[in-house]
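Subject: Structure for you to look at

Hello,

Please find below the structure I said I would pass on. My notes come after it.

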Amino acid sequence: MPTDPVCGMFVPEDTDLKSVIDGQTYYFCSKTCQQKYSSPEKEKNRLKHRLIVGWSLSIPIILINYLLPASLLPLATGKDVLLFALTLPVQFYSGYGFYEGAYHAIRSKTGNMDLLISMGTITAFVFSTFVTFAPSSIPGSDVYFDASAFIITLILTGNFIENATKARANCAAGKLLSLIPDSAHYISDKGEVIEVKTDQIRQGDKLVVRPGEIFPTDGIVLEGESEIDESMLTGEQAPVLRTAGNEVSSGTSNLNGLLKIQVTRTGKNSTVSQIYELIQRAISGRAKVQRIADVFSSVFVPVVIVAALSSGLFWYFYLSSVGYSLPLEIAILAFVSVVVIACPCAIGLAGPITLLISSNKAWENGIIIKNTGALDRLSRVNRAVFDKTGTLTDADPVIAGIDPSGPYSEEDLIMMAASLEYSSNHPIAKSIVTLAENRNVEIRMAEGIVETPGSGISGILDGRKMSVTRANRPGGSVVAVEVEGKTAGYIHLSYRVRNGARETLAELKKFGVKTAMVTGDSKGEAKRIADDLGIEEIYAEVLPAEKAEIIKRYQMSGDFVMFTGDGINDTVALETADVGIAMGSGTDIARENGDIILLKNDLRQIILTKIIGQKTIVKIKQNIGWAVGYNSALIPIAGGILVPFFGLGLYTFLPMISALAMGMSSTSVVLNSLLLRGKISREWSKNMDEITGIEENIARSTLQNGT
């Protein structure tokens with residue numbers, strides 16, 4: 001059953017309160033929650049107006065009720081009529097949203113917070129109205145307009161504070177959308193540069209982006225070169241150089257060069273919008289630990305109503321049996337106190353608000369948590385499996401040597417390999433093509449190109465069948481170039497270990513995490529990298545499907561496996577692992593299949609991700625414990641457990657105290673969740689100190705070995 005993204009309550013899928021936003025359907029327990037989510041600014045203003053009316057009338061109601069003697073008014077019932085007149089706008093204007101929510105809850109045969117508040121305030125209001133206009137029917141009874149008005153006003157105040165606090169928690173993600181400029185410099189078919197609205201830009205259009213401007217869309221650089229500030233997306237402060245053929249992302253800043261780009265993605269498909277959407281979806285995610293709150297929320301409203309009725313009936317029959325003069329009055333106040341003090345929102349919010357804050361914190365550090373359910377599993381990971389190329393090493397290898405055979409020269413070998421690899425995006429292909437371009441070797445047009453992941457590429461060149469495939473030879477990573485099935489030579493490649501890989505693996509071992517590497521590369525190259533990084537287990541010359549089988553074997557032996565990869569050949573493994581982490585520089589399909597994306601391509605972020613996972617789960621448990629304990633402790637108090645100690649006079653104030661406690665319960669959960677940001681920062685800072693120490697030791701050791 002889906003949950004309301006605003007308050008976390010369960011909602012049946014057949015409800016008519018649902019909204020489709022950017023292709024995703026969201027379900028709501030009330031009209032108020034739906035408006036809060038779809039039109040937050042409009043709902044904020046509406047809430048503010050209702051709150052102004054509530055407080056401007058509730059304060060006079062309290063003053064008149066407790067300080068104005070009834071004898072000063074011309075009629076005996078004049079004071080009660082005045083209180084009725086002042087309460088009326090609070091009850092039906094300020095409290096309108098609660099009745100609307102209660103109506104939808106009844107229609108969908110569910111329960112929510114609005115239903116409880118409506119039952120409590122309507123009961124107090126109707127009872128007081130009855131006493132006001134038919135005083136002889138219940139002689140000696142008081143009116144409780146103050147309770148009814150203050151319950152509504154205090155709960156609206158709690159909602160207002162909660163909304164403001166949630167907006168603060170989500171402010172980092174909110175900055176993302178504000179990055180996109182309203183207008184862009186469009187290049188017309190005649191070559192004229194025209195300023196147009198950004199939402200009028202379409203895929204394939206050409207734009208000019210001047211120094212100091214923000215890229216309004218994603219695109220590919222056609223002309224020019226410039227340094228780009230990508231810190232708002234990746235957290236990386238150092239600018240990166242972008243030239244013709246490079247991709248640029250919306251929201252990044254062009255620092256010092258004029259660029260012409262061709263638009264590749266706009267609107268909701270742009271990088272900025274997709275990242276924002278992923279962060280927002282975090283609030284709808286469900287961590288496994290939330291099942292306690294889910295169960296509690298699903299039965300909470302019916303249990304509260306039964307408890308309220310039981311409490312009211314108990315006091316009515318007990319006080320009648322001992323001869324108390326106004327048993328109905330106390331019974332009603334007990335009922336109102338119980339239904340008002342019970343706030344399922346704090347329980348529903350315990351998980352979503354924590355996930356929203358941790359997702360914001362992760363994004364600020366260049367980490368996208370796509371699947372919040374992975375946070376549970378991440379805290380239990382005891383086996384880290386890495387792909388090699390593009391993950392533990394730089395994506396692009398360097399050419400370490402060329403070994404032609406037979407009648408072929410080095411240039412022949414480069415020409416044939418580059419002609420086949422020219423249309424491929426594989427790192428080996430890029431290195432071979434770059435080498436051909438640097439040596440001014442001709443690249444010809446090959447036909448019938450077939451690329452086989454994990455194996456190589458083949459095609460027809462100058463009427464002959466040729467291929468570039470992995471070769472099982474000593475000397476690291478080697479590809480063989482074949483012509484008509486006969487070897488024409490070998491190209492030797494070498495990969496540089498990615499910065500931060502050694503420190504990350506050393507830190508993971510401190511966490512007690514075992515390491516392994518799976519790669520389609522040769523055994524020699526795999527062993528060289530594994531020895532360098534201290535990886536315990538190696539699987540080399542592995543086909544893509546075998547990577548997933550290796551992970552399954554680890555899982556069957558009891559390990560919780562985290563897999564980190566970047567390529568198309570890693571997608572099945574990313575799906576199979578308990579936690580799949582995709583490198584930001586990886587393929588689209590790898591990023592799509594990962595639970596978590598490292599935008600900065602910095603493996604040290606894995607340590608931060610693990611910290612975020614652990615701290616988030618602890619905070620969710622803490623919030624659930626607080627929310628469940630809060631409600632469990634206060635419902636008996638509202639039911640009258642303290643009456644033997646303080647007397648029945650307690651019920652004069654208990655409905656209003658209940659409203660205050662209920663209004664603040666959700667806010668307290670949100671405030672507690674905000675502390676998560678500081679905890680993550682402190683823990684990450686401590687780990688960074690250790691990582692820096694490891695880096696210094698590695699540098700010192702390298703220097704000594706070199707000398």
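What follows is a short account of what turned up, from the overall figures down to single residues.

Please keep in mind that this is a predicted model.

Overall figures

The protein has 707 residues, of which 53% count as buried. Its secondary structure comes to 25 helices and 24 strands. About 30600 Å² is exposed, and carbon and sulfur atoms supply 56% of that area. If one takes the contacts between residues at least 6 apart in sequence, 67% of them join residues at least 24 apart.

Cores

The largest nonpolar core has 62 residues. Those with the most contacts inside it are Phe98, Leu116, Ile155, Trp315, Val340, Ile635 and Tyr651. Helix H11 (residues 327-341) supplies the largest share of this core, with 10 residues. Another core, of 49 residues, lies apart from it; Ala362, Ile369, Ala384 and Met562 are among its members.

Surface patch

A nonpolar patch on the surface is formed by Ile59, Leu63, Tyr66, Leu67, Phe653 and Ile657, which together have about 600 Å² of accessible area. Helix H2 (residues 40-67) gives the most to the patch, with 4 residues. Ile657 sits in helix H25 (residues 654-706). Ile657 has a relative accessible area of 48%, so it is classed as partly exposed, the class that ends at 50%.

A small sheet

One open sheet has 3 strands in the order S8-S7-S10, and the pairing is antiparallel. Its edge strands are S8 (240-242) and S10 (253-254), each of which pairs on one side only. Strand S7 (residues 226-229) pairs with S10 over 2 bridges. Ile228 has Asn254, in S10, as its bridge partner.

Salt bridges

The whole structure holds 17 salt bridges. Lys547 takes part in two of those described here, one with Asp387 and one with Asp570.

In the bridge between Asp387 and Lys547, the closest N and O atoms are 3.2 Å apart. This pair links distant parts of the chain, since Asp387 is in strand S13 (residues 383-387) and Lys547 is in helix H20 (residues 544-556), 160 residues apart. Are the two ends buried or exposed? Asp387 has a relative accessible area of 4% and is therefore buried; Lys547, at 1%, also counts as buried.

For Lys547 and Asp570 the closest N and O atoms are 2.6 Å apart. Asp570 lies in the loop between strand S22 (561-565) and helix H21 (571-576), 23 residues from Lys547 in sequence. Asp570 is buried, as is Lys547. Elsewhere in the list, salt bridges that share partners join Arg383, Lys514, Glu537 and Asp559 into one network.

Glu410 and Arg439 form a further salt bridge, at 3.0 Å from N to O. Glu410 belongs to helix H16 (residues 410-421), while Arg439 is in the loop between H17 and S15, and the two are 29 residues apart. Glu410 is partly exposed, with a relative accessible area of 30%. Arg439 is partly exposed as well, at 38%.

Around helix H17

Ser431 is in helix H17 (residues 427-438). Its relative accessibility is 9%, so Ser431 counts as buried. Apart from neighbours within four places in sequence, Ser431 is in contact with Asp396, Pro397, Ile399 and Leu493. From Ser431 to Ala418 the separation is 13 residues in sequence and 9.0 Å in space, C-alpha to C-alpha.

Two asparagines with positive phi

Most residues other than glycine have a negative phi. Asn440 has a positive phi, near 60 degrees, and is found in the loop between H17 and strand S15 (447-452). Asn601 also has a positive phi, of about 55 degrees, and lies in the loop between strand S24 (596-598) and helix H23 (605-639).

Which of the two classes, buried or exposed, applies to each asparagine? Asn440 is exposed, because its relative accessible area is 70% and the class begins over 50%. Asn601 is buried, because its relative accessible area is 18% and the limit for that class is under 20%.

Regards

Methods: Residues are numbered from 1 along each chain as its sequence is written. This is a predicted model: local features need pLDDT of at least 70, side-chain atom pairs count only at pLDDT 80 or more; totals for chains, interfaces and linings use all residues. Side-chain values use heavy atoms; hydrogens and water are left out. Patches are made of residues with over 30% relative accessible area and no salt bridge: like charges are joined within 9 Å, nonpolar side chains (Val, Leu, Ile, Met, Phe, Trp, Tyr) within 5 Å. Accessible areas come from the Shrake-Rupley method with a 1.4 Å probe; for residues, only the protein chains shown count as cover. A salt bridge is a side-chain nitrogen of Lys or Arg within 4 Å of a carboxyl oxygen of Asp or Glu. Buried means under 20% relative accessible area, exposed over 50%, partly exposed in between (1.4 Å probe, protein chains only). A nonpolar core is a set of buried Ala, Val, Leu, Ile, Met, Phe, Trp, Tyr and Cys residues joined through side-chain atoms within 4.5 Å. Two strands pair if DSSP finds at least two bridges between them. Contact means heavy atoms within 4.5 Å.
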